[in-house]
Amino acid sequence: MPKYPAVTPDTYVSPLPVGDFTFLSATKIYPYEFQGSTTGDSQNVYIGEIYYNSGSVLIERKEYIITVNRLGFVVSREGDNTDFNLKLSAGTYIVKYSYQLKGSSDQTVYTATYTFIVVENQLPLKRWTASDVISRVTDLAEPLRKGERPRFRLQGDSGNGTYAEGSQAALFDHIPSPEFAFTKQTLRENLRAVGEIIHGEPRLKPVKDGTGEWFFEITYDLYGQTERWKHAARPYVLKSVTQNVNTYASALDTHAENLVNKQTNYSGVIVEPYANGAETVRTERFLSTKKETGKAVSEFRHKRKTRIRRYIGAGNGSRTRQNQLGKLTPYR
């Protein structure tokens with residue numbers, strides 16, 4: 001072991017990232033100061049040199065000398081004893097230090113050499129999270145022009161890689177994501193696939209951004225929450241549908257007109273056209289009980305009651321009853 005070993009700082013690691021870095025002065029690598037010789041003055045000589053591109057280019061050199069008399073008092077301090085503050089570029093740096101005691105019996109030159117590799121990216125890439133996957137899905141959901149933002153955005157996603165504090169985007173950014181492979185699926189199917197690792201059901205809500213532009217905000221209803229859905233207290237009607245080959249074959253023979261206007265408050269529409277006119281019948285079926293007060297009581301709430309009547313419009317057909325109303329039921 002050398003008499004004066006070099007002291008390596010903890011910051012000296014390799015590889016180093018591109019950017020600002022401080023190489024220490026030679027007096028910190030060799031923190032020794034000879035107290036002087038009995039025959040005369042002695043000098044502590046510290047030298048630091050930094051080379052770039054595997055030692056072919058000298059970037060900076062600093063020399064510092066401390067002169068001590070035979071009584072052990074410092075006579076002078078000369079040179080530069082500051083650290084090396086550099087902006088590192090990608091490549092190889094070599095740092096050389098030396099320490100020598102001139103005027104003493106030990107004329108050994110103590111040296112230390114450090115080699116550093118500087119790279120563009122020292123740390124591994126960020127692992128994909130659930131928020132990253134959702135943002136990627138929305139980016140690819142539909143073609144975008146340059147500068148456009150997706151119409152579908154996760155709640156709290158600013159679009160520049162940062163997430164609003166307390167938002168679902170910030171919450172899901174702590175959930176590591178496995179690899180996904182989506183092929184010819186809808187946006188909802190993709191969001192539900194990500195929801196399997198989030199344990200939630202995706203929802204869309206139209207909102208405005210800061211510029212007044214409308215977009216669809218993606219939120220997830222998380223499973224196992226104590227908050228109740230706002231429609232949970234509303235009554236529901238249970239409808240059971242069964243089908244076998246007989247009912248299926250019979251349904252093939254029904255009128256195609258029964259498929260019209262299924263979304264209205266009437267259950268079906270039948271249209272029978274004829275020359276210069278047509279007859280339509282709309283039907284609805286439900287059970288109700290008429291009390292003495294004249295009110296109809298049913299298990300379900302009535303929107304309105306309608307009398308069922310027949311009307312034949314004007315036309316030049318062979319029908320004889322034109323523009324007349326007729327009852328179809330024994331009640332008004």
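Good morning. Two strands are said to pair if DSSP finds at least two bridges between them. With that in mind, please turn to the structure, which is a predicted model.

I begin with strands E10 and E11. Strand E10 covers residues 200–208, and it pairs with E11 in the antiparallel sense over 9 bridges. Within this pairing, Glu201 stands opposite Asp221 of E11. The two strands form a hairpin with 5 residues between them, and there Gly212 takes a positive phi near 85°. E11, which spans residues 214–222, also pairs with strand E9, residues 152–154, this time in the parallel sense and over 3 bridges. In E9, Leu154 stands opposite Ile218 of E11. A contact of another kind involves Arg153, which lies over the face of Phe215 at 4.2 Å from the ring centre.

I now move to the open sheet. How many strands form it, and in what order? There are 6, in the order E1-E8-E7-E3-E4-E5, and the pairing is mixed. Strand E1 (16–17) and strand E5 (74–79) stand at the edges; each has a single partner strand, so one side of each is left without a neighbour in the sheet.

At one edge, E1 pairs with strand E8, residues 109–119, in the parallel sense over 2 bridges. Pro17 stands opposite Val119 in E8. Further along the order, E3 and E4 run antiparallel and are joined by 11 bridges. Their hairpin has 4 residues between the strands, and Asn53 in the turn has a positive phi of about 60°. E4 is in turn joined to E5 by 5 bridges, and these two strands also run antiparallel. Here Ile65 stands opposite Glu78 in E5. The hairpin of E4 and E5 has 5 residues between the strands, with Gly72 at a positive phi near 90°.

Next, the aromatic residues. A pair of aromatic rings is described by the distance of the centres and the angle of the planes. A search of the whole structure finds 19 aromatic pairs. One of them joins Tyr12 and Phe21, with 6.5 Å from centre to centre and 45° between the planes, and this pair is tilted. Tyr12 and Phe21 are both buried.

Why is the pair of Tyr30 and Tyr99 called stacked? The ring centres lie 5.8 Å apart and the planes meet at 20°, so the pair is stacked; planes under 30 degrees apart count as such. Tyr30 lies in the loop between helix H1 (26–29) and strand E3 (42–52), whereas Tyr99 lies in strand E7 (residues 91–102), so the pair ties together parts that are 69 residues apart in sequence. Both residues, Tyr30 and Tyr99, are buried.

Tyr30 and Tyr99 also belong to one aromatic cluster, together with Tyr4, Tyr32, Tyr46, Tyr64 and Tyr110. Tyr46 and Tyr64 have already been approached through the sheet: Tyr46 stands opposite Tyr64 in E4.

Finally, I turn to the cavities. The structure holds 2 cavities of 30 Å³ or more. The largest has a volume of about 50 Å³. Which residues lie nearest its centre? Of the 13 residues in the lining, these are Ser25, Ala26, Gly48, Lys62 and Asp80. H1, E3 and strand E4 (57–68) are the elements that give two or more residues to this lining. By class, the lining has 5 nonpolar, 5 polar and 3 charged residues. Lys62 has a further contact, since its charged end sits over the ring of Phe84, 4.7 Å from the ring centre. Thank you for your attention.

Terms used
Residues are numbered from 1 along each chain as its sequence is written. This is a predicted model: local features need pLDDT of at least 70, side-chain atom pairs count only at pLDDT 80 or more; totals for chains, interfaces and linings use all residues. Side-chain values use heavy atoms; hydrogens and water are left out. Rings of Phe, Tyr and Trp (its six-membered ring) pair if their centres lie within 6.5 Å; planes under 30 degrees apart count as stacked, over 60 as edge-to-face and the rest as tilted. Buried means under 20% relative accessible area, exposed over 50%, partly exposed in between (1.4 Å probe, protein chains only). A charge sits over a ring if NZ of Lys or CZ of Arg is within 6 Å of the ring centre and within 35 degrees of the ring normal. On a 1 Å grid over the protein atoms alone, a cavity is a set of points where a 1.4 Å probe fits but cannot get out, and a pocket is an open set with protein on both sides within 12 Å along at least five of seven lines; lining residues have an atom within 4 Å of a point. Grid points are joined across faces, edges and corners, and a volume is the space filled by probe spheres set on the points. Ala, Val, Leu, Ile, Met, Phe, Trp, Tyr, Cys and Pro count as nonpolar, Asp, Glu, Lys and Arg as charged, and the others, Gly among them, as polar.
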